[in-house]
Amino acid sequence: MLHEHTLTALRDMLRRREISSTELTQHCLDRIAKHSDLNAFVTLDESGAMAAAAVADKQLASGEADLLTGVPIAHKDIFCTRGVLTTCGSKMLENFVSPYDATVVERFHQAGSVTIGKTNMDEFAMGSSNETSFFGSVKNPWDPDRVPGGSSGGSAAAVAACLVAGATGTDTGGSIRQPAAFCGLTGLKPSYGRVSRYGMIAFASSLDQGGPITRNAEDAALMLQCMAGFDPRDSTSINAPAPDMATLLGAQVRGLKLGLPKEFFDTSVDAEVLEKVRESLAVLERLGATLVDVSLPNSPAGIPCYYVIAPAEASSNLSRFDGVRFGHRSEHAEELVDLYENSRAEGFGEEVKRRILIGTYALSAGYYDAYYLKAQKIRRVIAQDFETAFEQCDVIVGPTSPTTAFPLGAKTQNPVAMYLNDIFTNTVNLAGLPGLSVPCGFDTAGLPVGLQLIGKFMDEASLLSTAHQLQQETDWHQRMPAEY
Amino acid sequence: MEFECVIGLEVHAQLMTQSKIFSGSSTAYGASANTQACAVDVGLPGVLPVMNRQAALMAATFGLAVGATVNPVSIFARKNYFYPDLPKGYQISQYEIPVVSGGSLEITTDAGSKTIRITRAHLEEDAGKSLHEDFDGMTGIDLNRAGTPLLEIVSEPDLRSPAEAVAYLKKLHTLVRTLKICDGNMQEGSFRCDANVSIRPRGETTLGTRTELKNINSFRFVERALYHEIDRQISVVETGGAIVQETRLYDPDADLTRPMRGKEEAHDYRYFPDPDLPPLVIDEADLALVRSQLPELPDARQARFVAQHELSEDDAAQLTGQSEIADYFESAVEHAQGESRLTANWINGELMSWLNKNDIGISDSPVTPAMLGQLICRIQDKTVSGKIAKQVFAALWEGENDGDVDALIQSRGLTQITDTDAIAQAVNDVIAGFPDQAEQVRAGEEKVIGFLVGQVMKATSGKANPQAVNELLKKQLLD
């Protein structure tokens, strides 16, 4: 079936003109409509997509194909798209139409891809289950009673259900890798600064990073090649050219030293998850990698550190949603202060409010040193842990998440239990390193398990190559949920 | 009890960059509302700031000019508060590590010279404007000004009188204009001042509770507002009251200060380093570049005018109070074949009074340095007297003879009469016409000779050389 092909395969079929973009785009739109119960999309842009597909077909006919000409993709609804709703999963932006494109969106346009729509997400990317979205929960295609993970849950569900072959996501503490793990996909959070944040609605500016969610490492490399590269509009963008697919996939596993942090393999991790992770590491060992024991002694401080820094930045980043210039404006406002309070009280959901409160508190006079400054110090120590570990290995490996996908509603009443989902992912954001989740098996309930690979700064190539070679030996990434 | 006042000033100087501090929008003043506000200035979701390097170099220029430390690394921080004309809900400013630390300015008042220390100068973005008129119960927001680069220059509380505060402010004003980093236009808000004021019994070394004065955007208002605030504080203390730390606004119409609403006061700005902006780096190469482009500073120019042009300190100070005036002077002196003192007198006297009368700046003077220089030459070579020269100046101001000084003197017949026969004739006529006065002179009342000179001048419409007339009268009456 057409939709079962990978992004790279579809790209090549389009180039060979075995299929047309119009045909493929229509097929995707039909499937999205058919599986609307997943709630993976907030907005579909049928007319825009079909028009872009027609343009792509002309280009393909004249042999002027670009990197992704005619390939349908979806964007997480955190990326601003000109003329199409950008809601960020919030009532606050329910009717917001951006007058400009995010750099990432612009680069996919330039590469010729067809943007099919905007995927559902946790509100302002704050969540690990996609249950904080104003537009409702997203279902996991592997089990519709379970969460797809979050915050990029809509993108993950859409790719897992083969509604689209690739989608963008963003990852502030695990929001690409954890949903990729829960949905049996390959998800890459690039090094901080690798992908421009311009036009990506900020949650925590020093941690946010855009990246791809795809069915395999090859597709992730293709999408990264498109997304990455210096952007003068983002002052935190790294001045390095976008690496090409061949470079990203060409590194050798033979001789690679994989570091296993003992903190990632403790008893708090689900036994079946650990078992699958170890099995996949055995495959990599057979391919010539060596396993070494390392330690990240300060990783237990990761969650508290993250939950000071991320909310602190968020409390400031979300101040612009004040009902004055755009976004939700309360109709119940007599005074200026009412306009602020009511617009924000009505426009933001519970989790967003919780984090704004935490962040505001952490930055307040008298508490700043004890919380924000302390967290910054811990952040440096955590980054130092990784540097020390990388003296002994090339790539750090472990589970992406302590469990497989959990039932909808299981953790919504317990924020701390929800936050602990990110225990293995958010230290990677704190250190600014690249991290990738790759499917490594299924538990007895038939749910996918993710193996996390963490690389040195700017070394996405080792992660993608390792995942790619693992995928030559295994077929976990080729399995598809039965219903879809 | 005798009190002394303690004043510190915070000056916001708008930097003359082409574009805004963190976006590419134009900074030109006066465009229609919100036409110079791009996505970044409006604070749309997803936008990011990018530092305008020109603003950083202007800040460095200021730092070098006041002998400050230009910090090699400074940090942008977010100052968080809600206000409708603050688009992002925070202002990007500098907090813990500003771009410029330390430095000082030398001021001169009637009380003498004094060094005023500068605490720091930091870069920040301006907010937009709230427009409360014309919207019938609503408020309009104009974001054209949002993101305009400001250099906030904070002085130490070293000022001890309103006169010192004004002297400091004028000095700073001249400096930023000379450096070409700020146009100094106070009406358009390019150069704004807030003052921190407290009083204490003379001899006391600890600081009293201060109030902050806002809305004092002219030199005159600064002086008035400070006088009033100091008087108010003294009377509060003398009647047994205590000064409340608060922000007060100066009302120029009522000529008094009043407290701003207390609600606006209790701010916790929750400063933290802006994660969107890397540290601002100004390295040795930047500083070398800035140093090489540093113009002659007002103090140095003043000293040079005294030494090179043999001017008095006062004249030199007046001329260097504005770089445009000093430029005008140097150009005019060249045209006046080096006659510097007379040129200085003419600029500080006649030209200034015409400029003030017409309320225009020296750059707009219809009498150019070339014209004035030429006129000085004609005074020097006795073609016209000083008095006649003022007539010539007035005609030049009106644009007569296209500013050709010689043609103007010619066509108006203003050439001084140096022909002794013609003067002798006039002198004889006056002696004949005023026999009583002539007799008095002969009798030794030499003072009366001035009257007779005046009559000769009148008879010759002022064109006779007064010195020649004087000599001739003396010769006729006393020899």
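This report describes the confidence, strand pairing, helices, nonpolar cores and backbone outliers of a predicted model.

Residues are numbered from 1 along each chain as its sequence is written, while chains are lettered from A and ligands numbered from 1 in the order in which they are written. In this predicted model, local features need pLDDT of at least 70 and side-chain atom pairs count only at pLDDT 80 or more, whereas totals for chains, interfaces and linings use all residues.

**Confidence.** The model has an ipTM of 0.96 and a pTM of 0.90. Chain B has an average pLDDT of 92, and 98% of its residues score at least 70; pLDDT is the predictor's confidence in each residue, from 0 to 100. Where pLDDT is low, the predicted coordinates should not be read in detail.

**Strand pairing.** Helices (H or I, at least four residues) and strands (E, at least two) are DSSP runs, numbered from the N terminus. Two strands pair if DSSP finds at least two bridges between them. The table lists four pairings.

| Strands | Sense | Bridges | Citation |
|---|---|---|---|
| strand 1 (residues 3-14) and strand 12 (residues 191-201), chain B | antiparallel | eleven | |
| strand 12 and strand 13 (residues 211-214), chain B | antiparallel | three | |
| strand 4 (residues 76-80) and strand 16, chain B | antiparallel | two | |
| strand 2 and strand 3 (residues 114-119), chain A | parallel | five | |

Strand 12 of chain B takes part in two of these rows. B:His12 stands opposite B:Arg192 of strand 12, and B:Asn196 has B:Glu212 of strand 13 as its bridge partner.

Chain B also holds an open sheet of three strands in the order 5-4-16, with antiparallel pairing. Its edge strands, strand 5 (90-94) and strand 16 (272-273), each pair on one side only. B:Ala77 has B:Pro273 in strand 16 as its bridge partner.

In chain A, A:His75 stands opposite A:Lys118 of strand 3. Strand 2 of chain A (residues 72-76) is mostly covered, with five of its five residues buried. A residue is buried if 20 or more other C-beta atoms lie within 10 Å of its own, exposed if 12 or fewer, and partly exposed in between, with C-beta atoms placed from the backbone.

**Two helices of chain B.** Helix 16 (residues 466-478) has 13 residues, which at 1.5 Å a residue should span 18 Å; its end C-alpha atoms are 18 Å apart, in agreement. The expected span is 1.5 Å times one less than the number of residues. The buried residues of helix 16 are B:Val469, B:Leu472, B:Leu473 and B:Leu477. Seen down the helix axis, these buried residues fall within an arc of 115 degrees, so they line one face of helix 16; the arc is that of the directions from the helix axis to the C-beta atoms. B:Gln467, B:Lys475 and B:Leu478 are exposed on the other side. The buried residues pack against helix 13 (420-433), helix 14 (435-442) and helix 15 (449-459) of chain B. Contact here requires C-beta atoms, placed from the backbone, within 7 Å.

Helix 10 (residues 369-380) has twelve residues and reaches 16 Å from its first C-alpha to its last, close to the 16 Å expected. Its buried residues include B:Met371, B:Leu372, B:Leu375 and B:Ile376. Among the elements covering the buried residues of helix 10 are helix 8 (323-335), helix 9 (340-358), helix 11 (386-397) and helix 12 (405-411) of chain B.

**Nonpolar cores.** A nonpolar core is a set of buried Ala, Val, Leu, Ile, Met, Phe, Trp, Tyr and Cys residues joined through C-beta atoms within 7 Å. The largest has 209 residues, and those touching the most other members include A:Ala158, A:Val164, B:Phe62 and B:Tyr168. Leaving out residues up to four places away in sequence, A:Val164 touches residues including A:Cys28, A:Ile73, A:Ile116 and A:Ala158. A second, separate core of 29 residues includes B:Tyr328, B:Val367, B:Met371 and B:Leu414.

**Loops and backbone outliers.** A:Leu447 sits in the loop between strand 10 (435-442) and strand 11 (448-455) of chain A. A:Leu447 is buried because 22 other C-beta atoms lie within 10 Å. Its contacts beyond four places in sequence are A:Trp142, A:Asp143, A:Thr404, A:Ala405 and A:Phe442.

Most residues other than glycine have a negative phi, and most peptide bonds are trans. A:Met458, not a glycine, has a positive phi of about 70 degrees, and B:Lys382 has one of about 65 degrees. B:Lys382 comes just after helix 10 of chain B and counts as partly exposed, with 13 C-beta neighbours inside 10 Å. The peptide bond from A:Gly150 to A:Ser151 is cis, with omega near 10 degrees.

Definitions and conventions
Contact = placed C-beta atoms within 7 Å.
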